[in-house]
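Here are a few exercises to work through with the model open beside you. Try each one before you read its solution.

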Amino acid sequence: MDERRAGPARLSIRRRAWPDVPPGDRDRIDAIREEAFPPAERGAHDTVARRDGPWLWTAHSADDRLIGFATALSLPTARAAYLEYLAVLSSARGSGAGAALLAAVADDLRAEPAVRGIALEVEDPARAPGHDPLPARRLAFYERWGARPVTSLRDYSMPDLAHPGGLVPMLLLWRGVRDDTAPGPDDVARVLTDLYRGYYADVAAEGHLEEMLKRIRPADASLSGAAFAAGNHAGAGTIGTVVQAGVVNGPITVHQAPARATTPNNLPFGVQRMIGRQAQLDRLDALAGAASGSRLCVLDGQPGIGKTTLAVWWGDTARDLFPDGQVYVDLRGFDPTREAVTPEAAARMILGALHVPPSSIPSDPDDRLALLRSTLDDRRLLLIIDNVRESEQVRPLLPRSRGCFTVVTARHRLYGLVVHHDAERVPLPPLSDEESVHLLEQRLGHHRVQAERAAVDRVVAACGGHPLALSVVAARAVDDPANSLATIVRALESKSEALDVLRLADAGDLRAVFSLSYDNLSPAMAEGFRILALFPGSAIDVASAAAMTGHDQFQARETLTELVRCHLLGRTTATHYSFHTLAHAYGLEMTRRHDAPGRRADVLVALLNHLLHAAHRADRLINDHRRQVALAPCLRPELLPVLAGRSDAMAWFTAEYDNLLAAIALATAEQLHPYTWQLAWTIPNYAYLTARLRDWIATCADAVAAAARLGERSVEVRLRQSLARALGESGDHAASIAEYTTALEALEELGDVPGRANALNGLADVRLRAGAFADAFDSASEALKLYAGLGDDAATAGTFRLLGRTCQALGDPVEARRHHGLAQQLYARSDNAYGLAHVADSMADLESTTGRDDLAEAHLRRAVALHYRAENLNYAARSCRRLRDLLLASDPGHPSTDLLSRAIAVLEDNRKSEAAPLIARIATP
C-alpha cells in the first residue's frame with residue numbers, strides 16, 4: 001500500500017490492491033458506491049462489486065475514516081487507463097478529497113510505462129435531459145484536473161448500464177499522463193474497442209461499437225476529390241476560393257464561401273494541475289454567474305504569484321458560461337523587452353481574435369475602439385486582459401454588454417477600475433504551507449517529500465508560498481536527484497543567495513520577476529523600497545518607516561501605501577506592513593547595489609534610536625519604579641508613540657516585541673554596542689510579565705557583553721542583576737546565584753548602595769527558590785536595612801513579602817503573616833496592584849499550609865483580579881491554576897473548575913480583553 005498526504009484537510013490518499021483491502025474498508029466502499037451510484041443507475045454491471053480492477057485508490061480523513069475512492073481499469077490496446085469510478089461521501093464533499101484522488105491517479109499512472117493517458121466518460125451537458133446543471137459541473141471538475149473532451153468523436157453515446165440496449169449521451173474525455181498531446185482518431189478507436197470488447201461486452205447492443213467507430217473523424221482531414229461535383233461545380237460553403245490550372249472541360253462555377261463562424265478561443269496554453277486557489281476560483285464562478293453586480297474583475301498580486309495562470313485556468317474551465325467565446329490579450333504592462341500595448345493596438349488584437357477581417361478594422365483609434373464596443377455588444381463572452389500596468393491602459397477596452405465578463409490581471413492594485421468602474425478585486429495571496437507541500441509532492445513525488453520532510457518544511461518557509469519559487473526549487477531537485485533539498489534550502493535561507501538559487505535557465509528567474517516591478521517605480525519610491533528593506537523585524541509601522549526614510553509620518557504612510565499598491569509590500573494589520581521573504585531578499589540586494597555603506601549605517605542608527613526611545617517610554621509606563629539608565633539622545637521625538645497608560649504600553653510591546661528582538665540582534669551584528677545594551681534594558685519587564693524568559697536571558701547576555709566591550713562597568717553590573725533574575729525565574733538557581741555574587745562584589749567596589757540592596761533582594765529570592773532558607777533570610781534582612789536608609793517604600797514592601805515567604809519556609813507562620821501584613825500596608829499606600837497581587841498569592845499559600853482553605857481561596861480570587869489589573873497575565877493564569885487545584889481538592893465536581901480552565905487558556909494566550917468577563921466571575925463567586 002502506498003500512502004501520501006494531500007489537500008487542505010490533511011487527507012491521506014492510499015493506492016491499494018483489492019486483496020489487501022480489509023473488510024471494514026470494503027463495506028465503506030460499497031456504502032459510498034451505493035450513495036453515489038444507486039443500483040438503478042448501474043444495474044448489475046459493477047466491477048467494484050466483482051473487485052477485479054487493477055487500480056484502486058482510497059481517500060481517508062484526518063481521523064482515518066474512508067471517505068472516497070477511485071478505480072481504474074486497463075485498456076491494453078489503447079495503452080490507456082479507464083477511470084471507472086470516482087466517488088466521495090456526500091458529507092465529505094468540499095473537503096478536497098475528489099481533487100486529491102484525481103491527483104493521485106495522475107501521479108501513479110504516470111509511473112506506468114504502458115499507460116499513455118486516462119480515458120473517462122461524463123454525461124454531455126449539451127444533451128443532458130431537462131438542462132440538468134450537474135453534468136456541466138462534473139465536466140468543469142474534470143477539466144480543472146486537465147481532462148479534455150475528445151473532439152474527433154462526434155455525438156458519442158455509451159451503453160446504458162441499467163437498461164441493456166439503451167444509450168446515454170456522453171462525452172469521452174482524455175488526460176495525458178506525461179504530455180498534453182490529444183489522442184488521434186486511431187487512438188480513440190482503440191479506446192472504444194477496448195471499452196466495448198471488455199468493459200461494455202455484456203451490455204452493448206450489437207453493432208453499437210461499429211456505429212461509434214463510424215463517428216470518428218480525422219480532426220484535420222483534408223478535402224478529397226469527391227468535394228467536386230460533376231461539371232466542375234464547387235458547392236458554396238464547401239470550400240473557400242478555388243484556383244485550378246490545367247485543362248478543364250466544361251464551364252466553371254466558383255462561389256466565394258462565407259467565412260466559417262468559429263467561436264473565438266485564443267487562451268494560451270496553461271498549467272494542467274492547479275494547486276489551491278479554490279477560494280479565488282469560487283469567487284470568479286460567483287461573479288461570472290451572478291445575475292447582477294459587476295462584470296469586471298481584477299486579479300492582482302505580487303510578481304510571479306500566478307495571476308495569469310489562474311485566469312487562464314479558470315477561463316478554460318468556465319467555457320459553458322461563455323458560448324460566444326473566450327478572448328485573451330496580453331497588454332505587456334511589465335515586459336522586459338517589448339513596449340506596453342496601447343489600448344488602440346489592443347483593440348485591433350481583440351477584433352482580430354473575434355474574426356473581424358483586417359480590412360474592416362478602422363485606422364482611426366477612436367473608430368476602432370467604437371467598433372470593438374459594438375462588436376462585443378450582446379455577446380456572452382469572456383475577455384481576459386493580462387499584464388495590465390495601470391487603469392488607463394485597459395479602461396477604453398471594457399465592454400458595455402452585461403453578457404461579457406472581463407478578467408484583468410495586474411501587479412498593481414488598479415484603484416481606478418474599482419472606483420470608477422465598480423471592479424471587483426480578487427487578490428491572489430501566496431499558497432498556504434499545505435498547498436506548497438502539495439505542489440512539491442506533485443513535482444517530486446510523495447516518497448521524496450516525506451523522506452526529506454524537514455528540508456521540505458524549510459523550503460516552504462523560505463519560499464513563502466511563492467509558486468514560481470517552489471517550482472524552480474522542485475525543478476532543480478528533479479534535475480539532479482543527488483542534490484538534496486537540504487543543500488538547496490541552505491542557499492534559500494540566505495538573503496544574499498536566495499535569488500541565485502531561484503534562477504533556472506529557460507524556466508524562471510525570481511530576480512528578473514521582481515526587477516520588472518522595481519524598474520517601474522519612481523526614483524523616490526525605489527529608494528523607499530530599498531531603505532525599508534533594511535528593517536530587520538517582521539512588520540514595520542509608519543513611525544519606524546518615517547525614522548528610516550527621514551520623512552514625516554504622512555510621507556512615510558504614502559510610501560508604504562504605494563508599495564502595497566505595487567504588491568512589493570503587504571499589509572499585515574491596520575498599523576503594520578511586511579515584505580514577502582523573497583521581495584525582502586530582492587530589496588536588500590538592491591540597497592547593497594545602489595546605496596553607499598554610510599547611508600545604510602545612518603538608516604540603521606535612525607531606526608534603532610527610534611525603537612529604543614519608543615520602547616523606553618512604554619517600559620516606564622509598565623514599571624516606573626525601576627532605576628533609570630542614561631540613554632542616547634532621541635533623534636526624532638515627534639515620532640514616539642502616544643501612550644496613555646500601562647495598557648497602551650503593553651499593547652505597544654505586544655505589537656513591536658519581535659521587532660525589538662530583531663533590532664537587538666542587528667545592533668549586535670553591526671557592533672553598535674550602545675544600542676545592543678540599551679535596547680536590551682527595555683525588555684525585562686514585558687518579558688517577565690509575558691513569561692518570555694528565554695528572550696530575557698539571551699538579550700541580557702548580549703547586553704552584558706556589549707557593556708563590557710564599551711568598558712561601562714556600572715551598566716554591566718546592573719545588566720548582570722537583570723540576567724541573574726531571569727536565570728532565577730527560569731529555574732537555573734546556581735547560575736543566578738553566581739551572577740548575583742559577581743554583581744555584589746562589583747557594586748561594593750562602586751559604592752552603589754541602591755544597587756547592592758536590589759542585588760541582595762534578588763539573591764534572597766533565588767536562595768529561597770533553591771531551598772537555602774536561612775541564607776535567604778540573611779540576604780533579605782540585609783537588603784531591608786539598606787532600603788530603610790534609602791526611603792524606598794516599594795522596594796521595602798517587596799522585601800517584607802520576601803521575608804514573609806522565607807519565614808513560612810522556616811516554619812514560622814506568625815512571623816510570615818506579620819511580614820506579609822507590612823508589605824500589604826506599604827503597597828496599599830500607592831495602590832500598587834502588582835505588589836498587592838503577589839502579597840495575595842503569598843497569603844494564600846500561607847493560609848493553605850495552615851489548613852485555612854477558605855481564606856486561601858479568598859486570597860487567590862483577589863490575586864487573580866489584581867494580577868489581571870496589573871496586566872500580569874502569566875501570573876493571573878498561575879493563580880487561576882492554584883485556585884482550581886484548591887477547589888478540586890475539596891470537591892472534584894466543583895462548578896468553578898470549567899470557568900477557571902477557560903480563563904487559564906485565555907490568559908496564557910495573552911487574550912486580555914477576552915479574559916475580562918471570566919476574571920470578573922472568578923473574583924466575585
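**Exercise 1.** Which residue just after α11 takes a positive phi?

*Solution.* Before you start, note that this is a predicted model, where local features need pLDDT of at least 70, side-chain atom pairs count only at pLDDT 80 or more, and totals for chains, interfaces and linings use all residues. Residues are numbered from 1 along each chain as its sequence is written, and side-chain values use heavy atoms, with hydrogens and water left out. Helices are DSSP runs of H or I with at least four residues, strands are runs of E with at least two, and both are numbered from the N terminus. Now step past the end of α11: D378 has a positive phi of about 65 degrees. For the other end, go to D364, which caps the N-terminal end of α11. One of its side-chain oxygens sits 3.1 Å from the backbone nitrogen of D366.

**Exercise 2.** Check the length of α11, then find its buried side.

*Solution.* Start with the count: α11 runs over residues 365–376, which is 12 residues. The expected span is 1.5 Å times one less than the number of residues. That gives 16 Å for α11, and its end C-alpha atoms are 17 Å apart, which agrees. Next, pick out the buried residues (under 20% relative accessible area with a 1.4 Å probe, protein chains only; over 50% is exposed, in between is partly exposed). In α11 these are R368, L369, L372, T375 and L376. They cover an arc of only 125 degrees around the axis, so they lie on the same side of α11; the arc is that of the directions from the helix axis to the C-beta atoms. Finally, look for the partner: the buried residues of α11 pack against α10 (343–353), with contact meaning heavy atoms within 4.5 Å.

**Exercise 3.** How many residues of helix α22 are buried?

*Solution.* Go through residues 542–549: 8 of the 8 are buried, so α22 is largely enclosed by the rest of the structure. Among them are V542, M548 and T549. Then list what the buried residues of α22 pack against: α21 (523–532), β19 (540–541), α23 (553–565), β21 (576–578) and α25 (597–622). Just after α22, G550 takes a positive phi of about 80 degrees.

**Exercise 4.** Zoom out and describe the whole protein.

*Solution.* First, the inventory: the protein has 40 helices and 21 strands. Next, burial: 50% of its 925 residues count as buried. Last, the dimensions: its C-alpha atoms fill a box of roughly 130 × 70 × 55 Å, taken along the principal axes.

Note on methods:
Polar contact = N/O pair within 3.5 Å; in protein donor to acceptor, adjacent residues only side chain to side chain.
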